[in-house]
Amino acid sequence: MKPILALIALMALTTAAWAQDNRDEYANAFPSPFQEYVTFNISARYGVSLPMGGQKGYIDRTSPTNFALEGEWLFPQRFSLGIKTGYQYTQQRLGRQVISYSSDNSGQDISAVQTRTLSIIPAMASLSYYFADNTAAIRPYVQFAGGGAFVDYTNYFGTLADQKSGFKGAIAPAIGLKYYGKREQGLGAEIQAQYQNVFFNYDQLKNSSPSLMLSLGISYRWY
C-alpha cells in the first residue's frame, strides 16, 4: 500500500511541476504589456533632508519632515517622464540674544529667541533612465528633475517675524532603486537619494538653498 501511495504522490508532484513549467512557458511566450506600451507608476516617499551650502548657513540641522509624491509615464525604452511635488519643512531655534531687527528700514536692537523656519513645495518635471526593463523585479535608475518651488522663509524674533516667500527655479538630480519582489508585480518599495537646489536667497539664507534628501517609500506600477 505504501509504495502505491508514494507513487501517487510522486505523480502528483510531477504533474504540478509540469503544469507550472507550462504556465511559465506560456506566460513568457508573449511580450509583457510593460514592454509593449506606455505604462504608469506612482511613488510616495518619506525622507530626511541634510542642509548644504547657503541653507546650512541659515539652518544647519537635519530636517525630519519631508514628503515626496511622484507620478511617471514609463516607456518601453527604459526611460520615463514624470511630475513630482511634495513638502519639505525645516526649523531651528536659537537661544535668546540681542539682535538688530528691522522690518521698516528703522533698525532697532531687541532681545529675543530666534526661530528660523524654511518651507519648500517643489513642482518639477522629471526624466529618468532605468538600467533594467520595465518588468524587472529590481529597477535602479538615474533621474534629472527641473522646474520650480514655492519657498517660505520665516525668521521669528519672539512675536516678530521677518518673512519672504515666492516661487523660484529649482533643479533636483537623483539616483534610486525600485524593488518589486518579482517580475511584473505592481506594488513595491523605493529608495532615493536626491540633491535639490532651489535658487532662493534672502537675509540669513545666502546664495541658494541646496539640500540632500534621502527618502524611502512605496511604489506602484500598472497598465
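The accessible surface of the chain comes to about 12,500 Å², and 63% of that area belongs to carbon and sulfur atoms. The model is a predicted one. Of the 223 residues in the chain, 39% count as buried.

The chain has three helices and nine strands. Read from the N terminus, the elements follow the order α-α-β-α-β-β-β-β-β-β-β-β. What share of the contacts joins residues at least 24 apart? Taking contacts in the chain between residues at least 6 apart in sequence, 65% join residues at least 24 apart.

The interior can be taken next. In soluble globular proteins, nonpolar side chains tend to be buried together. In this chain, the largest nonpolar core has 14 residues, and Leu118 and Val198 are those with the most contacts inside it. Strand 4 and strand 5 are the elements that give two or more residues to this core. Strand 5 provides the largest share of the core, with four residues. The surroundings of Val198 can be followed residue by residue: leaving aside residues up to four places away in sequence, Val198 touches Ile120, Ala149, Val151, Lys168, Gly169, Ala170, Ser208 and Ser209.

Nonpolar side chains also appear on the surface. A nonpolar surface patch of about 1,000 Å² is made by Ile42, Phe67, Leu69, Tyr87, Ile121, Phe150, Phe167, Leu187, Ile218, Tyr220 and Trp222. Which strands each supply at least two residues of this patch? They are strand 2 and strand 9, the latter covering residues 209–222. Strand 9 gives the most to the patch, with three residues. One member of the patch, Ile121, is found in strand 4. Ile121 has a relative accessible area of 37%, so the residue counts as partly exposed. Strand 4 is thus named twice in this account, as one of the elements giving two or more residues to the core and as the place of Ile121.

Charged side chains make up the next part of the picture. How many salt bridges are there in the model? The count comes to five. One of them joins the side chains of Lys178 and Glu72, with 3.1 Å from N to O. This pair links distant parts of the chain, because Lys178 lies in strand 7 (residues 174–179) and Glu72 in strand 2 (residues 63–74), 106 residues apart. Are the two partners buried or exposed? Lys178 has a relative accessibility of 2% and so counts as buried. Glu72 is buried too, with a relative accessible area of 4%.

Lys178 also meets the side chain of Glu190 in a salt bridge, at 3.4 Å from N to O. Here strand 7, with Lys178, is linked to strand 8, with Glu190, and the two residues are twelve residues apart. Glu190 counts as buried because its relative accessibility is 1%, which is under the 20% limit for that word. Salt bridges that share partners join Arg45, Glu70, Glu72, Lys178 and Glu190 into one network.

Another salt bridge is formed by Arg183 and Asp133, whose closest N and O atoms are 3.6 Å apart. Both residues are in loops: Arg183 lies between strand 7 and strand 8 (187–198), and Asp133 lies between strand 4 (108–130) and strand 5 (138–157). This pair also links distant parts of the chain, with the two positions 50 residues apart in the numbering. Arg183 has a relative accessibility of 48%, so this residue counts as partly exposed. Asp133, at 21%, counts as partly exposed as well, because buried means under 20%.

Strand 8 holds a further polar side chain, that of Gln194. Gln194 has a relative accessible area of 4% and is therefore buried. What does the side chain of Gln194 join in a polar contact? The partner is the side chain of Lys84, and the contact is 2.8 Å. Lys84 also appears in the list of residues that Gln194 touches, along with Ala172, Pro173, Ala174, Ser211, Leu212 and Met213, when residues up to four places away in sequence are not counted.

Methods: Residues numbered from 1 in each chain as written. Predicted model: local features only at pLDDT ≥ 70, side-chain atom pairs only at ≥ 80, totals over all residues. Heavy atoms only, no water. Salt bridge = Lys/Arg side-chain N within 4 Å of Asp/Glu carboxyl O. Buried < 20%, exposed > 50% of the residue type's maximum accessible area, 1.4 Å probe, protein only. Patch = residues over 30% accessible without salt bridge, like charges linked within 9 Å, V, L, I, M, F, W, Y side chains within 5 Å. Areas by Shrake-Rupley, 256 points an atom, 1.4 Å probe, with all protein chains shown as cover. Contact = heavy atoms within 4.5 Å. Polar contact = N/O pair within 3.5 Å; in protein donor to acceptor, adjacent residues only side chain to side chain. Core = buried A, V, L, I, M, F, W, Y, C linked by side-chain atoms within 4.5 Å.
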